[in-house]
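Work through the exercises below with the sequence and the model side by side. Try each task before reading its solution.

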Amino acid sequence: MPPSPATLPVSSYRAQDGRYDEMLVPGAGPREHWATVAGALDELGLDELLRRQEEAARLLHEDGVVYHQYGTGSHPWQPWQLDAIPTIVPSREWSAIEAAMVQRAELLSLVLQDLYGERDLLRRGLLPASVVFQHDGFLRACHGIRIPTQRQLFTYAADLGRDDDGRWIVLADRTQAPSGAGYALENRTVMSRVLPSLYRGAGVHRLEPFFRQLRAALLEAAPRGVDDPRIVVLTPGPWNETAFEHALLSTRLGYPLVEAADLVVRSDGVYMRSPGQLEPVHVILRRVDAGYCDPLELRPDSQLGVPGLVEATRRGIVTVVNTLGSGALENPALMRFLPGVARHYFGHDLDLPCVPSWWCGDEDERRYVLANLDQLVLRPISSAAGNASIFGSRASLDELDQLRRRIEAHPTRWVAQDPLPLSDVPTLTGDGLAPRRSVLRAFAVARGDAYTVMPGGLTRTAPDDLPGPITSQGGAISKDTWVIASEPEAVGSLALLGGPLADGFDPLAALPAGAAENLWWLGRYAERAEALARLMRTVQDRRSEYLGSDDEAGIEALGILRDALAEVTGIPKSAAVDPWDDLIALLVDEREPGTLAQSVRALLEAAHAVRDQLSSDTWLVIGDLDRRLSRLRGRRDVRAPDVQAALQQVIHGLLALSGLSSEGMVRDLAWRFLDGGRRTERALQVLTVLRSTLPRLPEADVAGSLVLESVVTATENIITYRRRTRLHWHLETILELLALDEDNPRSVACSLVQLRASLDAIPRTGSRLRADQRLVLEALTRLRTCDPAELVVDGGAARTEAVERILDDSIRFVAGAAAAVERDHFLLRLPQRTIGGGTAP
């Protein structure tokens, strides 16, 4: 039986009237460069394509690919959306785009050099001064800054769209810190797995060579006289919208990911703060908007900048790319004047035309704009006029009247542009392929005396068929962009670069202080969550066994365990016999400190901050943890089997995470902080459980035995204890096993031995022990000199004061060591104050 036309995605696809369609020629079927792909898509059928779409979503989730959408509440990391149907561009057409991109990048580089140099364009009247100086991207403090490369614009991106006739038009220039190249690479990785045969057979240009060029270009950008440059990627932090891409670039390029607090400017250069020492930095690939990069000379309220960075760049002791001040080229009003500037420099027009634009500072152009407000897109030049574009076709009469008054009051602050219809690309939906408007972002990087253009890019499509801007913040769906090669292409690897051997960062010393802090807390929260999940599981087991029974010993033991749970987590103690409400709150309430949900959430946040330090396999575990708990988040109608299943799954995930860090990480400084945090938390968790139970052991043998058995079970020592004692519950033996046995990896003493080894690996100045090392040694010595027999009386009961004293001493020493680590090795972030006084917001 032949397949139904409805199951043939391409055959049932219909182009929209009045818009250019990327796949179909109206009335003639697929375009030539789409023919092979279109046939393969029909052969797969709709059901199979939808299955491949689900596979793409799964791969993206497992790789931890996210996009931070602002205003989404406590869970800002939204899954990256990738459509399983690629965008196809033929090689000949791409060659024209590539040449035009190079031409445009050359022009913008000349403009950038002039704006922060001679300003000849302003003197000649080719650029109005009010257009340039009103834009927030123009930074007067950056006048005279030159980077030691032949091109002043290091990386460049352009948003391209088609008009009704299919001509490519530049919608916007991206020169501040162009984003999207990393997402394009991730899209390609996923698509090559989802459609492997089609990808191989289509002869698609590879993206890896572009990133090799980027890496080589960064090496060339080093200050003069530096042969072995140290390079870092500067990020605003894990809460930035494209933080995933920052980590991806750091990992792929092999350079540390740093935040501003990790860097410090000295008279002779810029340095990266690393535990125990400073590491020189010569090149900074910034992903922070330039205006925030230096609170000393730029925005004084910025907490994302490095004080003194502008002066260091001006002196040439560090290179920052993109060049500080390059955001001036994103001024939308430049679109109106670039054609004239191109004719001035090149003697001819640009091959890629700008979107038709009218600057309201010109009287004739303002008159045209005001007469056609309902048909144009109004874009503010200055933040004083606002930040959002206004689509006249979507505005009410009152809104248009208000806009008209704003333009008339400050005409030089506004530019109007034609709203291009944009081309349609086939996008997969549950009902088949649907046409959706699209924008293509293309990328270029300066290398030597030329620009290299990525053979592909990041296509974004509208999430629906409604008009409006296509942005990732607005829910746009991404596509892989396939440039079809005209001949076979050599296979290359991102990591393989020719050249002489060069010394890299010392792996035992070169760790950003911020990364060290997040790794430390990642280890602590992982261990805290695992210990709490085990304790909760034990309490739930005792609850199921004894609640509602006549077993007084069991009820008494359950009360002690319930109170221990409260002391470990910090939740209020309850007088209720049934701990069910406490268990549910601990499982689902991530806003309350001390809960399991909050620990897992904090673990995820720390992991996002150091994802450049973690393997891709780690995200299989981390993403699964978040997904499993998210099913119960905020719910109160949870059943007992759901609680047990969730706790079991969390424990499994955390064990997998522990195994990955133990077996998959090099024993460098990153691992030392991760493992040190884990050992610190394990020691504190065991000590707290012992402190909250042993001094309260009931005199009744049965109840006391139940408590001891529960403690041993919750600390994952039950099998070892059974083998050693054959189920005779002796307090002395339990203290030996849980606190003093240095061969038991779950004991306090063993944790301290391993913590001491990790702290000893951190570089230090001088021969004296640091405070953290001294306190761990004191805690370990206190336990080593303890005789467990002195902690019990005849009959096996605890000497309460003696037990409390040694446990309190140990907790004080370990907590003190943790505080010393945080004080001496991590970044102390104090409130910033502006020069005029007052605390920055």
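The exercises cover a sheet, a buried helix, a helix pair with its core, and some backbone outliers.

The model is predicted: local features need pLDDT of at least 70, side-chain atom pairs count only at pLDDT 80 or more, and totals for chains, interfaces and linings use all residues. Residues are numbered from 1 along each chain as its sequence is written, and side-chain values use heavy atoms, with hydrogens and water left out.

**Exercise 1.** Determine the strand order of the open sheet that contains β8, and identify its edge strands.

Solution. Strands are DSSP runs of E with at least two residues, helices are runs of H or I with at least four, and both are numbered from the N terminus. Two strands pair if DSSP finds at least two bridges between them.

- Step 1. β8 (residues 231–234) and β9 run parallel and are joined by two bridges; Val233 has Leu257 of β9 as its bridge partner.
- Step 2. The four strands follow the order β9-β8-β13-β14, and their pairing is parallel.
- Step 3. The edges are β9 (257–258) and β14 (319–321); each has a single partner strand, so one side of each lacks a neighbour in the sheet.

**Exercise 2.** Decide whether α9 is largely enclosed or not, and find what its buried residues pack against.

Solution. Buried means under 20% relative accessible area, exposed over 50%, and partly exposed in between (1.4 Å probe, protein chains only).

- Step 1. Nine of the eleven residues of α9 are buried, so the rest of the structure largely encloses this helix. Among them are Phe244, His246 and Leu249.
- Step 2. These buried residues pack against β3 (66–68), α6 (181–194), α8 (208–220), β8, β9 and β13 (283–286); contact means heavy atoms within 4.5 Å.
- Step 3. In the loop between β8 and α9 (243–253) is Glu241, which is partly exposed at 26% relative accessible area. Its contacts, leaving aside neighbours within four places in sequence, are Tyr67, His68, Tyr70, Tyr183 and Gln473.
- Step 4. After α9 comes Gly254, with a positive phi near 85°.

**Exercise 3.** Describe how α14 packs with α20, and what α14 gives to the largest nonpolar core.

Solution. A nonpolar core is a set of buried Ala, Val, Leu, Ile, Met, Phe, Trp, Tyr and Cys residues joined through side-chain atoms within 4.5 Å.

- Step 1. The largest core has 104 residues, of which Met536, Leu587, Leu596, Phe673 and Leu752 touch the most other members. α14 (residues 513–546) gives the most to this core, with 14 residues.
- Step 2. α14 and α20 (residues 669–693) pack at an angle of about 35°, their axes 7 Å apart. Axes are lines fitted to C-alpha atoms, for helices over the stretch in contact, with angles from 0 to 180 degrees between N-to-C directions.
- Step 3. The residues of this contact are twelve nonpolar, five polar and seven charged. Ala, Val, Leu, Ile, Met, Phe, Trp, Tyr, Cys and Pro count as nonpolar, Asp, Glu, Lys and Arg as charged, and the others, Gly among them, as polar.

**Exercise 4.** Place Arg119, Leu422 and the cis peptide bond of Asn322.

Solution.

- Step 1. Arg119, not a glycine, has a positive phi of about 55°; its loop runs between α3 (91–115) and α4 (120–123).
- Step 2. Leu422 has a positive phi near 70° and counts as buried at 6% relative accessibility.
- Step 3. Leu422 lies in the loop between β18 (414–417) and β19 (424–429).
- Step 4. The cis bond joins Val321 and Asn322, with omega about -5°; Asn322 is in the loop between β14 and α11 (334–346).
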